[in-house]
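Biologist: Could you take me through the strands of this model and explain how each reading was reached?

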Amino acid sequence: QVQLVESGGGLVQAGVSLRLSCAASGRTFSSYAMGWFRQAPGKEREFVAAISWSGGITYYADSVKGRFTISRDNAKNTVYLQMNSLKPEDTAVYYCAADLKPPRAGVSGDAKGYDYWGQGTQVTVSS
């Protein structure tokens, strides 16, 4: 079992930065990949970013590439999502997820491949 708890969401204006955190517990954190997904009202959950167990491989959705950075600190059992230049269309509930059996590529953008999910944290970007 893996427990995931997100934090760091809030209401911000467009153009500013925000950093989300996801604290993991229950299994050896450095043994699995992590991902961030988001779901806006009335829309399906979508992939945002993923990172391999070592942090050496990262993968981003085109919509956030160049603005968001995923990172992890295995000593703190935490994965982060640094979000810069936020836009109103980034408004969503953000979820972190754990992939205990990542593909050979090291990371995946497919939500079906993730085994455990956090409860989500709301990010609202006003224009």
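Biologist: Is strand S5 (residues 46-51) largely enclosed by the rest of the structure or not, and how many of its six residues are buried?

Modeller: This is a predicted model, in which local features need pLDDT of at least 70 and side-chain atom pairs count only at pLDDT 80 or more, while totals for chains, interfaces and linings use all residues. Residues are numbered from 1 along each chain as its sequence is written, and side-chain values use heavy atoms, with hydrogens and water left out. Buried means under 20% relative accessible area, with a 1.4 Å probe and protein chains only. Strand S5 is largely enclosed by the rest of the structure, because the number of its six residues that are buried is five.

Biologist: Which residue of S5 does Arg38 stand opposite?

Modeller: Strands are DSSP runs (E, at least two residues) numbered from the N terminus, and two of them pair if DSSP finds at least two bridges between them. S4 (residues 33-39) and S5 run antiparallel, joined by five bridges, and they form a hairpin with six residues between them, where Gly42 in the turn has a positive phi of about 75°. The residue of S5 opposite Arg38 is Glu46.

Biologist: What is the bridge partner of Ala49 in S6?

Modeller: Three bridges join S5 to strand S6 (residues 58-60), and the two run antiparallel. They form a hairpin with six residues between them, and Gly55 in its turn has a positive phi of about 90°. In S6, Ala49 has as its bridge partner Tyr60.

Biologist: Is Ser21 buried or exposed?

Modeller: Ser21 is found in strand S3 (residues 18-25). Leaving aside residues up to four places away in sequence, Ser21 touches (heavy atoms within 4.5 Å) several residues, among them Trp36 and Tyr80. With a relative accessible area of 15%, Ser21 is buried.

Note on methods:
Helix = DSSP H or I, 4+ residues; strand = E, 2+ residues; numbered from the N terminus. Buried < 20%, exposed > 50% of the residue type's maximum accessible area, 1.4 Å probe, protein only.
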